[in-house]
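The report that follows considers surface exposure and then salt bridges, with cut-offs given where a term is used.

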Amino acid sequence: MVDDLSDDERQEALLQWWRENWRWILAGIVVGIGMLVGWRYWQGYRVQRAEHAAQLYSEAQTALNGNDLGKAEAALQQLETSFDSTAYTQQAQLLLAKAQVEAGEFAKAEPLLRAVADKSKDKELAEIAQLRLARLLVQQGKHDEAVQLLQPLTTGGFSAQAHEIRGDALVAKGDAQGARAEYAAALAVTDAQLDRALVELKLQDVGGNAPAA
């Protein structure tokens with residue numbers, strides 16, 4: 001029917017359509033601009049937060065390189081306060097925990113490792129923290145807790161390391177039979193990232209036989 005209208009009638013129909021719909025059109029434009037501005041603001045905010053977190057992580061790393069645990073702890077505290085769930089915070093926690101273990105500050109290192117193990121969304125990073133935490137628990141004489149902590153890891157990608165540490169915990173408890181089973185399980189894992197020669201020696205020390213090459 002539009003084709004049957006004259007030019008004047010088409011113009012009048014267009015004007016009538018505009019009079020009926022201009023508010024909706026302008027509202028859509030305003031909403032679209034608002035969404036674009038909001039999206040750009042959010043992107044800028046995320047970039048600023050990432051840069052701030054990266055700066056604090058760098059400060060913690062520099063402090064640790066200079067053996068300034070106090071300054072590293074201060075930087076980490078800021079990270080935990082403002083960026084608790086970020087990878088920067090978790091990496092800083094692992095670094096500081098390592099330095100504290102080397103300094104003999106086991107009580108300070110333990111909660112940092114637990115935080116990464118419990119909160120990290122990166123499965124591999126969380127499991128690395130669990131392995132380190134288990135080693136620390138063995139050093140503190142918390143053998144049963146270390147064995148239990150690593151039970152879920154005995155079938156995963158870190159199974160060989162988990163079995164080795166569990167074996168260490170059982171040796172410390174005086175359970176030679178249990179340790180033999182754990183060391184043998186560690187050596188049975190193919191393509192495992194562990195020192196096989198060392199694990200074989202551990203196995204022999206508890207009365208086991210190293211597998212043939």
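Residues are called buried under 20% relative accessible area, exposed over 50% and partly exposed in between, with a 1.4 Å probe and protein chains only. By that scale Ile 29 is partly exposed, because its relative accessible area is 46%. This is a predicted model, in which local features need pLDDT of at least 70, side-chain atom pairs count only at pLDDT 80 or more, and totals for chains, interfaces and linings use all residues. Residues are numbered from 1 along each chain as its sequence is written, and side-chain values use heavy atoms, with hydrogens and water left out.

The whole structure holds ten salt bridges, each being a side-chain nitrogen of Lys or Arg within 4 Å of a carboxyl oxygen of Asp or Glu. Three of these pairs are set out below.

| Salt bridge | Closest N and O atoms |
|---|---|
| Glu 145 and Arg 114 | 2.4 Å |
| Lys 202 and Glu 164 | 2.8 Å |
| Arg 166 and Glu 182 | 3.0 Å |

Arg 166 lies in helix H7 and Glu 182 in helix H8 (residues 176-188), so this pair ties together parts that are 16 residues apart in sequence; helices are DSSP runs (H or I, at least four residues), numbered from the N terminus. Both Arg 166 and Glu 182 are buried, and Lys 202 and Glu 164 are both buried as well. Glu 145, by contrast, is partly exposed, with a relative accessible area of 32%, and its partner Arg 114 is partly exposed at 26%.

Notes: Helices (H or I, at least four residues) and strands (E, at least two) are DSSP runs, numbered from the N terminus.
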